[in-house]
Amino acid sequence: MPSYSKKKYYNKGGSKKSKKSKKLKKSKRFKKIYTRFEHYNNINNIDDKTLKELNHIYNICFNNNNNISSTMYTNLIRNTKNNDVISFLQYDKKNNIWNLCTPVKYRKKGYAKKIILNTIKKINKFNQYDKNVYLYVDKLKDSYPKLISYYKNLNFKELYSDLPDKSLLVYKNI
């Protein structure tokens, strides 16, 4: 068992912390996760275990008992160590992003941003006609102002929406 001096360390708030507790907190906070991106043209190409996990994450994120769409393209980020799905989204042939979801334990770590930017890059590479990317945000959710702000920080612009309960955003690629 390592020995620690009795010298006390102060955190930014001025309270005392021992050297041992400071080291433990730091190691948990900066844990590196190795990831990989995966792309599927439809869910028929996804193995059963991953599909079950995606449906479970989808149901938790959107509070319903539906399954993910079988006709859309699916992008996901996977933890290479334990094979967990970290984040996923689906988009259709018209470049509309649907069903962006990140489980709670992986939120606020930049994975949603990574998967959105990866999807935009993929759309730019394979779609020669319309390189703009669209997404709808539900106005009825409590998180609506945060989501609009988040997407605007990713260079999405708000457009007029023909749906009264949703906002349409576009990412214009030139």
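A: Welcome! Let us begin with a word we will need: a residue is called buried when its relative accessible area is under 20%. The structure above is a predicted model, and in this protein of 174 residues, buried residues make up 36%.

Q: What average pLDDT does the protein have?
A: The average is 82, and 82% of the residues score at least 70. Take care in some places, though. Where pLDDT is low, the predicted coordinates should not be read in detail.

Q: Which elements have the lowest and the highest mean pLDDT?
A: Strand 1 (residues 8-10) has the lowest mean, at 44, while strand 5 (residues 85-91) has the highest, at 94. Looking at stretches, residues 1-12 stay under 50 in pLDDT, with 14 contacts in the model beyond four places in sequence. Residues 14-27 are also below 50, and the model gives them 15 contacts beyond near neighbours in sequence.

Q: How many helices and strands make up the secondary structure?
A: There are 4 helices and 9 strands. If you walk along the sequence, you meet them in the pattern β-β-α-β-α-β-β-β-α-β-α-β-β.

Q: In what order do the strands of the open sheet lie?
A: First, the general idea: strands of a sheet pair through backbone hydrogen bonds, either parallel or antiparallel. Here 7 strands form an open sheet with mixed pairing, in the order 3-4-5-6-7-9-8. Strand 3 (35-40) and strand 8 (157-159) are at the edges with a single partner strand each, so each has one side without a neighbour in the sheet. From one strand to the next, the twist averages 30°.

Q: How many bridges join strand 4 to strand 5?
A: There are 6 bridges, and strand 4 (residues 73-79) and strand 5 run antiparallel. To see one position of this pairing, find Ile77, which stands opposite Ser87 in strand 5.

Q: Which strands does helix 2 touch as it packs on the sheet?
A: Helix 2 (residues 48-62) touches strand 4, strand 5 and strand 6 (96-101), and its direction makes about 80° with that of strand 5. Now compare this with helix 3 (residues 111-126), which runs at about 40° to strand 5. Helix 3 lies across strands 3, 4, 5, 6, 7 (133-138) and 9 (166-171).

Q: Which residues of helix 3 are buried?
A: They are Tyr111, Ala112, Ile115, Ile116, Asn118, Thr119, Ile120 and Ile123. You can also check the length of helix 3: at 1.5 Å a residue, its 16 residues should span 22 Å, and the end C-alpha atoms are 23 Å apart, which agrees.

Q: Which residues does the disulfide join?
A: The structure holds 1 disulfide. This bond joins Cys61 to Cys101, with the sulfur atoms 1.7 Å apart. The torsion about the S-S bond is about 65°, so the disulfide is right-handed. Because Cys61 lies in helix 2 and Cys101 in strand 6, the pair ties together parts that are 40 residues apart in sequence.

Q: Does Cys101 count as buried or exposed?
A: Use the cut-off from the start of our talk: Cys101 has a relative accessibility of 1%, so Cys101 counts as buried.

Q: Why is strand 9 described as largely enclosed by the rest of the structure?
A: The reason is burial: 5 of the 6 residues of strand 9 are buried, so the rest of the structure largely encloses this strand. Now look at its partners. Strand 7 runs antiparallel to strand 9, joined by 6 bridges, and Tyr134 has Val170 as its bridge partner. Strand 8 also pairs with strand 9 in the antiparallel sense, over 3 bridges, with Leu159 partnered by Leu168. A hairpin of 6 residues joins strand 8 to strand 9.

Q: Which residues does Val137 touch?
A: Leaving out residues up to four places away in sequence, Val137 touches Tyr144, Leu147, Ile148, Tyr151, Asp165, Lys166, Ser167 and Leu169. Val137 lies in strand 7 and counts as buried, because its relative accessibility is 2%. One of the residues it touches is Ser167: the two are 30 residues apart along the chain, and their C-alpha atoms are separated by 5.1 Å.

Q: What share of the contacts with a separation of 6 or more comes from residues 24 or more positions apart?
A: In this protein, such pairs account for 55% of those contacts.

Terms used
Residues numbered from 1 in each chain as written. Predicted model: local features only at pLDDT ≥ 70, side-chain atom pairs only at ≥ 80, totals over all residues. Heavy atoms only, no water. pLDDT = per-residue confidence, 0-100. Helix = DSSP H or I, 4+ residues; strand = E, 2+ residues; numbered from the N terminus. Contact = heavy atoms within 4.5 Å. Pairing = 2+ DSSP bridges. Axes fitted to C-alpha atoms, helices over the stretch in contact; angles between N-to-C directions. Disulfide = S-S within 2.5 Å. Buried < 20%, exposed > 50% of the residue type's maximum accessible area, 1.4 Å probe, protein only. Expected span 1.5 Å × (residues − 1).
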